[in-house]
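Dear colleague,

I am handing over a structure that you have not worked with before, and I would be glad if you read the notes below with the model open beside them.

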Amino acid sequence: EVNALAAQLARTLFLIPNVYVVNSGTHAGHQALADHLGTTTLFAGAIPLPDWDYYIDHAEVERFGAPVDEGVTPDGLFQKLQREQRSLPLALRRGDHYLPFHSGSTLKPDDRLIVLQMGHRATTVFDRFDHLVAHAAVIDVEPALSMDEFFSLAADALAPRLDLDADQLQEMFLDRETSSSTVVLPGLAIPHVVVEGEGQFELLIARCRRGIAFPGQPERVHAAFVLAGSRNERTFHLRALSAIAKIVQWPDFDRRWMTASDAEALRELVLRSKRRRFTMQSGGGEAVVSV
């Protein structure tokens, strides 16, 4: 909203002719704001720009030109592209000129739409931690939480997967925290407990935009990776801790974590991490693969 108002002021003071507002998909009143300011929507639809910044930085996009069908609207063209594959309609090429593509664009038959589209995932080798992340519970909440409130949410999500009572699991997390804090870095916690049984291991990924208040910690926690596993999974527990450590050490991890559009974007961020992966060999040993 602040950026949109600043753009409107620039138009008034400096006679900038056109203002386009980005719809990040996180503001329910975007259309009302655009109508009030007399602007149109850049790219003609909701686009999570931080995600596309990441995809472009890591060369995971393909660029191509597409013809513009006669009679199609910018909104209709945007929706058609998203149905085919996650796409960013970047600009219109009209003769020798490039024009912004937006919800108010007037499309002509000879126009070419310049599109960025998600390429194939660069990581083709997956390990057990990747599969754990792919099936993990993901919590994404806006309001600030106390530690007790967070562990209640985490226990509700994990207890059915572990065949445990949620209240019992919450007490286990609280007891573990009283012995020593699981906040490992400012803003990051890795709570973990040992559960009964064999072959049990679950992960919960959590983001709290306004932060979780862990007692005795000067900063609120915005990223939490919650682990629960049986004693015979201690080796994999160490592998999981190592993987998480590599993920959070990525350059600009904090910004990308906080600006990810939703829970699935958080999962995708973790899955796309560049780290050592341990794949099982046919003989039962492990191979280390860097991706």
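**Strands, helices and a cavity**

Ala 91 stands opposite Pro 100, a residue of β5. This pair belongs to the antiparallel pairing of strand β4 (residues 87-94) with β5, which runs over four bridges. Please keep in mind throughout that what you see is a predicted model.

The two strands are part of an open sheet of four strands, in which the order is β3-β6-β4-β5 and the pairing is antiparallel. At the edges of this sheet stand β3 (61-67) and β5 (97-100), and each of them has a single partner strand, so one side of each is left without a neighbour in the sheet. If direction is ignored, neighbouring strands of this sheet are turned against each other by 30° on average. Helix α3 (residues 49-57) packs on the sheet, where it touches β3, β4 and β6 (112-118), and the direction of α3 makes about 80° with that of β6. Helix α4 (residues 74-84) also packs on the sheet, touching β4 and β6, and its direction makes about 135° with that of β4.

Helix α3 appears again when one looks for enclosed space. Rolling a probe the size of a water molecule over the atoms shows where empty space is left. How many cavities of 30 Å³ or more are there? The count comes to one cavity, and about 100 Å³ of space lies in the largest cavity. The residues that line the largest cavity include Pro 50, Asp 51, Tyr 54 and Tyr 55, and also Arg 256, Thr 259, Glu 268 and Arg 272. The elements that give two or more residues to this lining are α3, α9 and α10. Which of the elements gives the most to the lining of the largest cavity? That element is α3, with four residues.

One of the lining residues, Tyr 54, can also be set beside Asp 252, since the two are 198 residues apart in sequence and yet 10.0 Å apart in space, taken from C-alpha to C-alpha. Asp 252 itself lies in the loop between α8 (234-248) and α9 (253-259). With a relative accessible area of 40%, Asp 252 is partly exposed, because that value falls between the limits of 20% and 50%.

A second loop residue gives another picture. Arg 275 is found in the loop between α10 (263-271) and β14 (276-280). Is Arg 275 buried or exposed? Its relative accessible area is 7%, and Arg 275 therefore counts as buried, the limit being under 20%. The side chain of Arg 275 makes a polar contact with the side chain of Asp 127 at 3.0 Å, and there is a further polar contact between the side chain of Arg 275 and that of Asp 130 at 3.2 Å.

Towards the start of the chain, there is a pair of strands to look at. Strand β1 (residues 20-23) and β2 pair in the parallel sense, over three bridges. Within this pairing, the bridge partner of Val 21 in β2 is Thr 41, while Asn 23 has Ala 46 as its bridge partner in β2. The side chains alternate along β1, so that Val 21 and Asn 23 point to one face and are buried, whereas Tyr 20 and Val 22 point to the other face and are not buried. Of the seven residues of strand β2 (residues 40-46), five are buried, so β2 is largely enclosed by the rest of the structure.

Val 21 can also be compared in position with Leu 5, which has its place in helix α1 (residues 2-14). The C-alpha atoms of Leu 5 and Val 21 are separated by 10.0 Å, and the two residues are 16 residues apart along the chain. Leu 5 is partly exposed, with a relative accessible area of 45%.

Finally, some values for the whole. The protein has ten helices and 15 strands, and along its principal axes the C-alpha trace spans about 65 × 45 × 30 Å. Of the 291 residues of the protein, 43% count as buried. Among the contacts in the protein with a separation of 6 or more, 68% are accounted for by residues 24 or more positions apart.

With kind regards

Conventions
Residues numbered from 1 in each chain as written. Predicted model: local features only at pLDDT ≥ 70, side-chain atom pairs only at ≥ 80, totals over all residues. Heavy atoms only, no water. Buried < 20%, exposed > 50% of the residue type's maximum accessible area, 1.4 Å probe, protein only. Polar contact = N/O pair within 3.5 Å; in protein donor to acceptor, adjacent residues only side chain to side chain. Pairing = 2+ DSSP bridges. Axes fitted to C-alpha atoms, helices over the stretch in contact; angles between N-to-C directions. Contact = heavy atoms within 4.5 Å. 1 Å grid on protein atoms, 1.4 Å probe; cavity = no way out; pocket = protein on both sides within 12 Å on 5 of 7 lines; lining within 4 Å. Points joined across faces, edges and corners; volume = space filled by probe spheres on them.
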